[in-house]
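Q: Could you take a close look at one part of this model, namely the way its aromatic side chains are arranged, and explain the reasoning behind each assignment? I would also like to know how the cysteines should be read.

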Amino acid sequence: MMAQITEAIMKQLKADGLDIREVGFKDLVDGTLNLTRPAANVVVQTASFDKVTLTTYKCKADVSVFVVFQELRGGTAGEARRKAGTYVILEAIIQSLLLNDLGLDLENPLFPVSFRNVTTAEYAKVGFSIYQLMFWCSFNFT
């Protein structure tokens, strides 16, 4: 089910216009990858299990959506505009996934938890910023 969740999120984001492909973070630093649109990678970071019945366990999965933006340099005004555009895109992704069951048999749909800028100095130096959007959902193992 975890693979189905990540695949369904990727399909949803692709339908909404994100550049969905495996982004090699090494390629970003090496400068061998140019993004025409923000790119996203999805991964189930952690999961916890609670016993529901003797034979059923609830799996609460923490899902991370990493969104990669290629920055165009351009003074203070350009920086402010870039940040505003970044936030608009992050909000659109949250809106797209908010309470979405992805067409899967989930006990709980996707709930947003947090987002944060996880850009390291290495990525910032070569003109990329990376944000991690955290969601959770749950499903049952029987």
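A: In this predicted model, Phe 141 has a relative accessible area of 38% and is therefore classed as partly exposed, since that class lies between the limits of 20% for buried and 50% for exposed. Together with Phe 49 and Phe 139, Phe 141 makes up one aromatic cluster.

Across the structure there are five aromatic pairs. One of them joins Phe 49 to Phe 141, with 5.8 Å between the ring centres and an angle of 45 degrees between the planes, a geometry assigned as tilted. This contact bridges distant parts of the chain, for Phe 49 belongs to strand β2 (residues 39-51) and Phe 141 to strand β5 (residues 128-141), the two being 92 residues apart. Phe 49, like its partner, is partly exposed, with a relative accessibility of 47%.

Another tilted pair is formed by Phe 115 and Tyr 131, whose centres are 6.3 Å apart and whose planes again meet at 45 degrees. Because Phe 115 lies in strand β4 (residues 108-117) and Tyr 131 in strand β5, this pair ties together parts that are 16 residues apart in sequence. The distance of 6.3 Å still counts as a pair because the cut-off on the centres is 6.5 Å. As for accessibility, Phe 115 is partly exposed at 42%, whereas Tyr 131 is buried at 6%.

A contact of another kind involves Trp 136, where Lys 60 lies over the face of the ring at 4.6 Å from its centre.

Turning to the cysteines, a search of the whole structure finds zero disulfides. The sulfur of Cys 59 has that of Cys 137 as its closest cysteine sulfur, but the separation is 7.9 Å, and this is too far for a bond, because a disulfide would need the two sulfur atoms within 2.5 Å. Seen from the other side, Cys 137 likewise takes part in no disulfide, and its nearest cysteine sulfur is that of Cys 59, at 7.9 Å. With a relative accessibility of 0%, Cys 59 is classed as buried, and Cys 137, also at 0%, is buried as well.

Key:
Residues are numbered from 1 along each chain as its sequence is written. This is a predicted model: local features need pLDDT of at least 70, side-chain atom pairs count only at pLDDT 80 or more; totals for chains, interfaces and linings use all residues. Side-chain values use heavy atoms; hydrogens and water are left out. Buried means under 20% relative accessible area, exposed over 50%, partly exposed in between (1.4 Å probe, protein chains only). Rings of Phe, Tyr and Trp (its six-membered ring) pair if their centres lie within 6.5 Å; planes under 30 degrees apart count as stacked, over 60 as edge-to-face and the rest as tilted. Helices (H or I, at least four residues) and strands (E, at least two) are DSSP runs, numbered from the N terminus. A charge sits over a ring if NZ of Lys or CZ of Arg is within 6 Å of the ring centre and within 35 degrees of the ring normal.
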